[in-house]
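Q: Please walk me through one part of this model up close. I'd like to hear what sits around it as well.

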Amino acid sequence: ETGISESSIPEQTTAHSPAETLPQPEKQAISPLHAETGEKPVWQTWAMGIWLFGILIYLTLLIGKMKKLRSWHQQQKDKDIPPWFHKILVQTAQRLNLDNLPAIVFSDKAVTPAVYGMFRPVLLLPANYFDTLSENEAKHVLLHELAHLKRGDLWLHGLSLFLQIIVLILTEFQ
């Protein structure tokens with residue numbers, strides 16, 4: 001006797017016949033974006049699409065606001081600024097070695113001074129700005145706003161936004 005009992009021999013498994021194959025999961029439709037990998041779209045893809053849609057809306061609103069500011073500027077070309085303010089504006093631009101003076105736009109909706117425009121800078125001022133502004137305050141305001149132009153802050157901000165968009169797009173589609 002060999003010492004091996006029938007109970008110690010494992011039973012052989014039988015192969016299933018084609019009629020007895022295990023059920024396969026149903027194949028779901030795959031978007032063309034994921035057709036090559038066979039992956040289903042994930043929530044990140046939907047989030048990216050919503051984000052891109054939001055960026056398009058934001059860009060549309062931004063362009064609309066820029067056009068509105070430009071139209072305000074066109075309407076106010078004849079509006080005079082006080083001579084003392086113009087003198088301080090010229091002196092501050094010379095002090096900062098700026099070649100061009102920004103256009104000046106007044107708005108009822110502006111709360112504080114701001115500068116905008118990468119190619120043709122515009123200084124946005126509240127409509128009643130000169131009612132309470134002293135010459136000393138005007139010097140500080142102009143120095144601050146014109147320093148943004150001198151340093152190229154508007155260009156750097158635009159470049160920063162552009163690079164953020166590129167990085168987000170590249171990381172999403174890797």
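A: What follows is a close look at helix α2, and then at its surroundings.

First, some ground rules. This is a predicted model, where local features need pLDDT of at least 70, side-chain atom pairs count only at pLDDT 80 or more, and totals for chains, interfaces and linings use all residues. Residues are numbered from 1 along each chain as its sequence is written, and side-chain values use heavy atoms, with hydrogens and water left out.

To get your bearings, the protein chain has 4 helices and 3 strands, arranged along the sequence as α-α-β-β-β-α-α. Helices (H or I, at least four residues) and strands (E, at least two) are DSSP runs, numbered from the N terminus.

Now for α2 itself, which runs over 83–95. This helix has 13 residues and spans 18 Å from first C-alpha to last, close to the 18 Å expected at 1.5 Å a residue; the expected span is 1.5 Å times one less than the number of residues. Phe 85, Ile 88, Leu 89, Thr 92 and Ala 93 are its buried residues. Buried here means under 20% relative accessible area, exposed means over 50%, and partly exposed is in between (1.4 Å probe, protein chains only). Looking down the axis of α2, the buried residues fall within an arc of 130°, so they line one face of the helix; the arc is taken from the directions from the helix axis to the C-beta atoms. That fits a general rule: an α-helix has 3.6 residues a turn, so residues three or four places apart point the same way.

Flip to the face turned away from the buried side, and you'll find the exposed residues Pro 83, Lys 87, Gln 94 and Arg 95. Val 90 also belongs to α2 and, at 24% relative accessibility, counts as partly exposed. Its C-alpha is 7.3 Å from that of Leu 101, 11 residues away along the chain. Just after the helix comes Asn 97, with a positive phi near 60°.

What covers the buried residues of α2? The cover includes β1, β3 and α3. Those elements turn up again in the largest nonpolar core, which has 20 residues, with Phe 85, Ile 104, Leu 125, Phe 130 and Leu 146 making the most contacts inside it. Two or more residues each come from α2, β1 (103–107), β3 (122–126) and α3 (135–151), and α3 gives the largest share, 5 residues. A nonpolar core is a set of buried Ala, Val, Leu, Ile, Met, Phe, Trp, Tyr and Cys residues joined through side-chain atoms within 4.5 Å.

Leu 146 shows the packing nicely. Leaving out residues up to four places away in sequence, Leu 146 touches Leu 89, Thr 92, Ala 93, Leu 96, Leu 98 and Pro 102, where contact means heavy atoms within 4.5 Å.

Finally, α2 has an aromatic side to its story. Phe 85 belongs to a cluster in which ring pairs link it with Trp 84, Phe 106, Tyr 129 and Phe 130. Rings of Phe, Tyr and Trp (its six-membered ring) pair if their centres lie within 6.5 Å; planes under 30 degrees apart count as stacked, over 60 as edge-to-face and the rest as tilted. The model has 6 aromatic pairs by this rule.
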